Amino acid sequence: MESVSTNAEIRLTVAQSFRTLTSSTDCKDIIATLQALVSYLDDGAESKTTSAEREEFRRAHYSRTLQFLVSNIQADWLWSLSAAHRAELWDNWFLKGPPDQALLVLMDAITELRPSTSLDHLVGITEKFLQSGRLAELLWSYCVQSASSDSPQLRETLLGRISALPDIMANKLHPDIRPCFLPQQYYPLLASEMLAALERTCHALRDGTDCSLSFVAQTLGKVCIQGHSGSVLALMAPRLCVCTRSDMLWRRVCWKLLESVPQRWMESVLTGLVQAVRGPDTLGRIIGNLVLTNKKAQFVMTHKLLLLQYKYETPALRTVLGYLAADRDRRPLLIQAIRSLSQAWANPSAIRHTPLEQQLYVSKALLLSVSLLKDSELQELRSELLQCMLGGMQSHLDSSVPRVRKMGMVVGECLSSRMDFKGAALKFEYEPDEETRELLSLITPDTCDEPEPEPGNGRDSPESVSQTSTSPQNVTSQSQPGGTGPGSDLDSDDDFTPYDMSADQETGRASPPRYLRDCLETLTSSEDAERVELSLRAAESLVRTNVFAAREISVQMTKVLLHMEDKYRISGFLRLRQTTMVALAVTACIPVTQYLTTEFYSLNYSLRQRLDILEVLALAAQELSAPISDKNVSSSGGRTSAELSLHQSDDPAHWRQVVEKRIQSKTKRISKGATQPAAQPTPNRYAPVAGYFFFPLLRNYDKPQVTFDLLGSDHLVLGRLIHTLGLLMHLAVNAPIAAQMGRALLDFVWAVRYHADQMVRRGVLFAVCSVFLSMPSQSLLVDLSDQLFETRTWLADVAEGDPDEDCRSLAVQSLVLLDKSLKKQLEDQQALSLES
Amino acid sequence: MSRPAPNPIYTLRGAGGALNTLHFRCNGQDSPLLFSGSENGAVHIWNLNSRRPVKVVEAHTGSSVIWVSTLQSTGSLLSQGRDLQVCLWDLRDGGCELLDSVWTGSVGFCQCSLLETSSTNHLLAFAGQQTEEIKIIELPSKNPVCTLIPEAKLGMVMCIKLWKPESGVGPLLLAGYEDGSLLLWDVTQRSVLSQVKAHPEPVMCLTFDPKRLRGISGSSEKKLSSWMLDSQNNIQLQDSVVLVNPGVSQICIREDGRLLASAGWDHRVRIFGWKKLRPLAVLQYHTDMVLSVAFSDHLDPRQTLLAAGSKDQRISLWSIYNEGSDTG
């Protein structure tokens with residue numbers, strides 16, 4: 001009964017005050033009224049109001065009062081107050097009362113107001129609000145009060161305001177935003193306020209008070225889902241790590257906090273946390289056995305982070321798996337994760353259709369998790385792992401992408417060595433590179449402990465700096481005594497340092513052939529390894545120097561070389577054979593290309609030979625299309641020119657150079673550009689014969705033979721064929737035949753554009769690129785108008801959805817080229833029509 | 001990492017035939033000269049400053065020149081050819097006048113050996129008409145001093161080296177024979193002091209360091225044999241050096257006794273430290289057998305050059321392990 005009367009009394013007072021404030025013009029009156037109202041907020045002992053009154057005012061009238069004040073912000077009386085009075089009687093209203101209501105009113109007012117002095121004033125108050133730690137107060141107030149005291153809608157709004165405060169401010173203020181409202185400052189502030197709230201919770205729990213962490217957890221989740229998990233958790237994780245190290249209560253608080261994060265935000269909190277903590281132990285302390293109680297967390301940790309989201313760095317992966325392995329209760333989850341990882345790794349369809357980066361990520365995860373297994377567990381999983389390894393190895397080695405093969409080899413090696421087949425570990429020969437080294441390093445368990453920063457201990461400690469700065473001195477001082485050593489005993493042999501004598505090899509008995517026909521004869525019939533090698537080494541220069549002889553026997557010699565096998569293990573055999581064949585194809589272009597292109601589709605060749613044919617054709621075309629340089633001249637006379645240069649210093653014959661130099665040094669030049677000689681125009685030797693290279697290769701591709709099925713299993717050759725065709729097309733730029741070639745090539749690749757093998761797809765896209773590059777834009781529009789639309793759609797499709805990154809970027813490139821070409825053509829046409 | 005193999009500092013071309021022999025004369029006031037004897041019978045005199053031939057002496061009318069040398073005292077040129085003659089040429093005043101000639105009678109390839117006993121008197125040793133015969137005559141009087149014929153059948157004389165020991169006794173002569181034997185002759189006593197079978201194959205070349213009483217010989221096989229004279233003038237075989245490819249045409253020790261160079265049939269010149277026979281460098285430039293090597297006799301050791309003459313008709317000049325300019 002009493003409370004009802006109090007409530008009515010307060011309502012009356014407030015209403016009266018409002019009236020006074022609206023109508024009165026007397027400054028003193030207004031001050032008195034405001035002071036009376038302020039007294040409801042004062043907690044001090046000398047306060048004139050009772051606590052029940054204060055409580056009631058805070059509950060029912062505080063917001064109203066604030067709203068009233070804000071709506072009267074333009075009132076005359078406000079501006080007639082002195083600055084001190086204004087701060088005390090007006091600004092304090094927002095900083096003293098319940099912070100949630102204050103924040104809501106402030107945010108609402110700021111969104112509604114136009115840019116004005118009043119807005120500036122409110123922004124200033126908000127800044128003070130943030131700086132005076134009212135956010136922590138706000139969070140803490142929700143920790144202690146029971147959840148049912150306010151409506152979910154209000155909570156939701158408040159959460160939205162807290163998490164989006166930088167956005168709201170930026171929307172209103174854009175360029176003049178104050179630094180404390182920038183996300184870079186605000187979110188760390190929020191993080192430290194949350195930490196403060198947690199700390200107070202801990203104290204309260206020690207004192208036996210019940211607290212609820214749901215609002216803090218919601219705030220954390222909301223902020224994380226909005227993409228600020230990095231900046232928030234970067235501040236919170238180290239602190240939590242330190243606090244949870246020894247304090248069990250802190251751990252309980254953290255676990256509770258994580259448990260209270262709503263399901264829909266759990267993922268972003270967990271992923272952020274995994275990246276922010278350093279090492280699995282810390283993660284274990286902070287989130288406890290969350291994965292066992294929370295289905296969502298389990299799904300994220302054992303499935304999403306390991307198999308689907310492949311963007312994380314290796315340390316994060318290490319943290320997740322280490323966390324799963326660290327506790328006895330969680331170990332079944334590790335086993336489960338290994339099962340799914342090994343299945344994902346061995347899945348042939350995944351190898352074909354998932355991006356390379358994801359495969360690498362899964363490989364890393366698999367290696368890491370296997371390295372964490374105990375021997376007993378390994379025994380249990382052994383048969384499963386073995387099966388997966390065998391299948392996975394096969395599908396990896398089948399891939400046409402070298403990186404996939406290499407990844408498969410490394411993982412296979414590591415798995416087999418870990419499983420220990422009694423000394424029968426797999427061993428592959430591959431060139432070690434950054435990636436393989438990283439993979440190999442994963443299988444050895446990470447022994448070094450997590451480097452946890454001690455509180456107050458800066459990360460760049462002065463000791464390490466001083467160590468690094470002194471170390472060079474040590475090195476020099478050590479090396480100095482050695483420097484004076486030699487030279488003391490002048491009379492001994494030993495002061496002569498030997499030159500490099502590795503070139504001192506045994507000389508062969510036979511001499512290289514001097515005639516091309518001898519060379520051919522030796523290559524065809526000789527059984528003498530030395531003579532064959534000499535002939536092969538001499539062959540290219542013989543072909544290039546004896547053009548006429550080479551033309552006569554070009555096809556015969558090409559045939560011999562194509563069928564030649566490396567019987568004698570000649571070093572550089574493949575290169576020698578290839579360069580000779582290229583020389584032949586360049587010298588006697590038409591017959592050799594006819595021969596090679598026919599042989600490409602005939603029976604009884606190995607894949608290697610067919611690939612050789614393609615390579616030779618591509619290289620020959622490349623050489624033909626390059627402008628004739630003086631490379632040959634200089635390479636044959638390299639020795640003489642070197643000798644000449646030795647004499648140049650005192651040779652009077654070079655006076656011309658001297659004079660020229662002198663003239664140049666005396667002449668002042670405004671621009672340097674003109675001194676370079678213009679490129680000598682030379683005929684393109686490739687343009688007239690491009691058709692001979694190109695069109696025969698397009699025949700017969702769809703006629704499978706017993707030994708050669710281009711559209712079937714031999715997709716390796718298909719990929720190379722298309723790539724070569726693209727190259728031939730690219731080299732034919734500016735040739736009259738380019739339009740025809742482009743048309744034919746587009747027709748050809750159309751059939752295989754959705755090939756399952758990524759090498760083939762890459763080849764196709766490369767070919768398309770080169771078509772757009774080399775075809776004149778005019779004929780592109782005229783000849784291909786019916787196909788262009790479809791091609792564009794297909795390219796856009798690939799650019800968006802292809803699992804291979806190269807394919808995607810190639811598709812984008814093709815699109816750009818196409819657009820550029822079309823635009824140019826349309827502009828030209830417009831210009832033409834304007835002129836006419 | 002060892003230094004890359006050196007390159008010649010320059011080459012001399014235009015001799016028109018295989019270079020059988022090389023001889024430097026760089027210690028005078030005149031510009032340094034290099035004499036080369038070639039297969040086509042010409043002796044080229046190269047000026048090493050201009051790097052061009054100063055003069056070409058058609059010494060042996062088309063017969064291969066196998067040895068050239070100069071007399072320190074008069075500056076006269078000695079040349080030996082396959083026409084069985086040793087000729088003495090006066091080069092003074094830019095002329096080229098045949099002073100004298102000696103008929104040797106040897107159809108072999110054995111190069112002469114010259115020993116200047118005094119400023120006017122010289123001893124010249126050469127292979128004689130008979131198979132194992134070595135003749136020694138006095139120049140310029142052409143008086144025969146002695147004829148040395150071993151008792152055993154040793155085959156042709158392949159190479160000889162005449163020198164006078166510092167102990168003051170009469171001149172001694174080292175000779176290599178076709179069966180691989182190495183003989184030390186006392187010229188005044190006309191007796192064999194020591195005999196050793198140094199190689200299974202003919203001794204192709206030998207050289208001797210009178211200061212250290214050490215010598216080395218090469219053959220058509222894959223090794224160089226070094227040997228030493230003890231106090232009783234016995235030849236003691238010492239360690240040998242194994243080469244990569246067989247066949248050595250000529251070997252030569254640098255004046256300062258620190259370097260040894262060998263001309264190989266495998267187109268390469270090999271450099272060794274003379275003391276321990278440590279391989280130091282392999283000089284690759286020529287495209288055919290290297291027939292001759294010579295170190296120059298510059299007064300300033302830093303200018304010392306190494307010349308190599310080859311069957312490919314070129315002479316390459318190298319500056320290697322010269323103090324100051326090129327210390328190892």
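**Notebook: salt bridges and WD repeats**

I started with Arg302(B), which is partly exposed at a relative accessible area of 48% (buried is under 20%, exposed over 50%, partly exposed in between, using a 1.4 Å probe and protein chains only). Its partner in a salt bridge is Asp300(B), with the closest N and O atoms 3.7 Å apart (the term needs a side-chain nitrogen of Lys or Arg within 4 Å of a carboxyl oxygen of Asp or Glu). Asp300(B) is partly exposed too, at 27%.

A note on the source: this is a predicted model, where local features need pLDDT of at least 70, side-chain atom pairs count only at pLDDT 80 or more, and totals for chains, interfaces and linings use all residues. Residues are numbered from 1 along each chain, chains are lettered from A, and side-chain values use heavy atoms, leaving out hydrogens and water.

Next I looked up Arg212(B), which meets Asp209(B) in a salt bridge at 2.8 Å, N to O. Asp209(B) is buried at 8%, whereas Arg212(B) is partly exposed at 29%.

In chain A, I found Glu615(A) and Arg608(A) joined at 3.7 Å, N to O. Both belong to a salt-bridge network with Arg577(A), Asp612(A) and Arg720(A). Over all chains, I get 31 salt bridges.

Last, I checked the UniProt record: an unreviewed entry puts "repeat: WD" at residues 30–56, 196–237 and 283–320 of chain B (such annotations may be inferred rather than shown by experiment). Residues 30–56 are 0% helix and 63% strand, with end C-alpha atoms 18 Å apart (DSSP runs: helices, H or I, have at least four residues; strands, E, at least two). For residues 283–320 of chain B, I noted 47% strand, 0% helix and 10 Å between the end C-alpha atoms.
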